[in-house]
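Student: I should like to understand how the terms used for a protein structure are justified. May we go through them one at a time?
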Amino acid sequence: MLLTPFAIADVAARLQDEPDRLRVAVAPVSCAPLDFVRAAAPVFGSVRYMATPDGTAIAGAGVAWRTEAGGLRRFEALDDAWATHPPLPARARCFLGFSFSPEGVTSDEWAGFAASELVLPSATVIADARGSHLVVAVPPGADPGGVISVLRGLTTPPAPRVPGLGDHSVHSHPSGADWCAAIDEAIAAIQAGLLHKVVLARSVEVRTEMSIDPFEVVHHLGVHNPHCFVYGWQLGDAAFIGASPELLASVRGALVRSNPLAGSAQRGDGDEEDREVGRALMASAKDRKEHGLVVDDIAIRLRSLTDKLQVPDTPALRRIATVQHLSSDVQGTLTDGATLLRVVGALHPSPAVGGTPRAEALGFIDKLEAIDRGWYSGGVGWLAPSGDGDVALALRCALVSGSVARLYAGNGIVADSDPQTELVETRWKLRPVMNLLTAT
């Protein structure tokens, strides 16, 4: 069995008292969170997973408590609901997920994914510097016997398969030519002074001859992208998965961080070429301008929520598997009453995924984009009872259902962007997931 009888008996005993309130029990385990989510996915139907660059991994199955919200004040609504939630033990974790648009998703493939939601799973396995623990939560009036029985029946999953899903087909939405035409229109608007930057997205549909196991893909994304936020959010037959390099917001005590990435180049072929590409990126006026627009906007939005905000004068270079980015680490001290969810509400959508000025860029996206972004360029994260948590931008991702995966990527367009270069750059960003799905 996946979880030891001792751990299950321990939490079962702790869940017997006070049936009229939410009950939460914690026990140490040796189970890996990804093994737990792979074993639990077929049984629970809804599972969530996130691994962070510091080595923390959290896997949740089922729903003990959930709240959702849509509209321009959705994060404030979530924060209000979280503030009135009954106290939870320190090891409990909630998952946060949200769409790019405040109004939520519009297409059938994204059905079931809320505009934003905060979820306390029925069962969570957490592995971090404090060890590995199982957290089981039971709603008021519910019999804990049901979830305990399911946990007893979980077995260790087989080792993830080597990528390779047989024959496949790949289709772009919109076509490359149509997407480049949209970029031309965006450049004209920017040069006319209507906006400074806009992010335009495209999707690629991959159809395979075999069903795609989303959390096997998540496993391989984690292996190949150890410095990214690796995530999976499955609702029924659909799973949103990815490996994002970009931190939207993190809170530890009173410290808040945001790590915007804007301005990109491909990795070089060999160390010397890689260094040369990085030097060219650091020297690129176009990319430095794009990066500066994002950092300046984030700093403005954080100032009302922080004291002692520190904003780097120049970006650093950050290399991940297929792309190099200009990176700035913005840090500050939260003012009284400021929370992670309030910070997310202030920052999203940042110019890294929307544009600037915000209203004009979002209007341009509504006009030009031919896809429903869904949760792509929204966010995924976790939240602890202490208020600590991480929220990553949902990038380098795919929505998987059966044998079909829809991959998403976008680029920031500024006055001197080149459409063909931008198209090639999206291919680098698609590569982490595409390479796994199209391996032969």
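Tutor: We begin with residue classes: Ala, Val, Leu, Ile, Met, Phe, Trp, Tyr, Cys and Pro count as nonpolar, Asp, Glu, Lys and Arg as charged, and the others, Gly among them, as polar. Please note that this is a predicted model.

Student: How many residues of each class are in the lining of the largest pocket?
Tutor: Sorted by class, its lining holds seven nonpolar, four polar and five charged residues. The volume of this pocket is about 340 Å³. Its lining consists of 16 residues, and those closest to the centre are F100, S101, I365, D366 and D372.

Student: Why does C94 count as buried?
Tutor: Buried means under 20% relative accessible area. C94 has 1% relative accessibility, and therefore it counts as buried. The value for C180 is 7%, so C180 also counts as buried.

Student: How do you know that C94 is in no disulfide?
Tutor: A disulfide requires two cysteine sulfur atoms within 2.5 Å. For C94 the nearest cysteine sulfur belongs to C31 and is 20 Å away, and C94 is in no disulfide. By this rule the count of disulfides is zero.

Student: Which residues of helix α4 are buried, and why are they said to line one face of the helix?
Tutor: In α4, which spans residues 145-153, the buried residues are V147, I148 and L151. Viewed down the axis of α4, they fall within an arc of 100°, so they line one face.

Student: What covers the buried residues of α4?
Tutor: The covering elements include the helices α1 (5-14) and α2 (33-44), together with the strands β7 (123-128) and β8 (131-138).

Conventions:
Residues are numbered from 1 along each chain as its sequence is written. This is a predicted model: local features need pLDDT of at least 70, side-chain atom pairs count only at pLDDT 80 or more; totals for chains, interfaces and linings use all residues. Side-chain values use heavy atoms; hydrogens and water are left out. On a 1 Å grid over the protein atoms alone, a cavity is a set of points where a 1.4 Å probe fits but cannot get out, and a pocket is an open set with protein on both sides within 12 Å along at least five of seven lines; lining residues have an atom within 4 Å of a point. Grid points are joined across faces, edges and corners, and a volume is the space filled by probe spheres set on the points. Buried means under 20% relative accessible area, exposed over 50%, partly exposed in between (1.4 Å probe, protein chains only). Helices (H or I, at least four residues) and strands (E, at least two) are DSSP runs, numbered from the N terminus. The arc is that of the directions from the helix axis to the C-beta atoms. Contact means heavy atoms within 4.5 Å.
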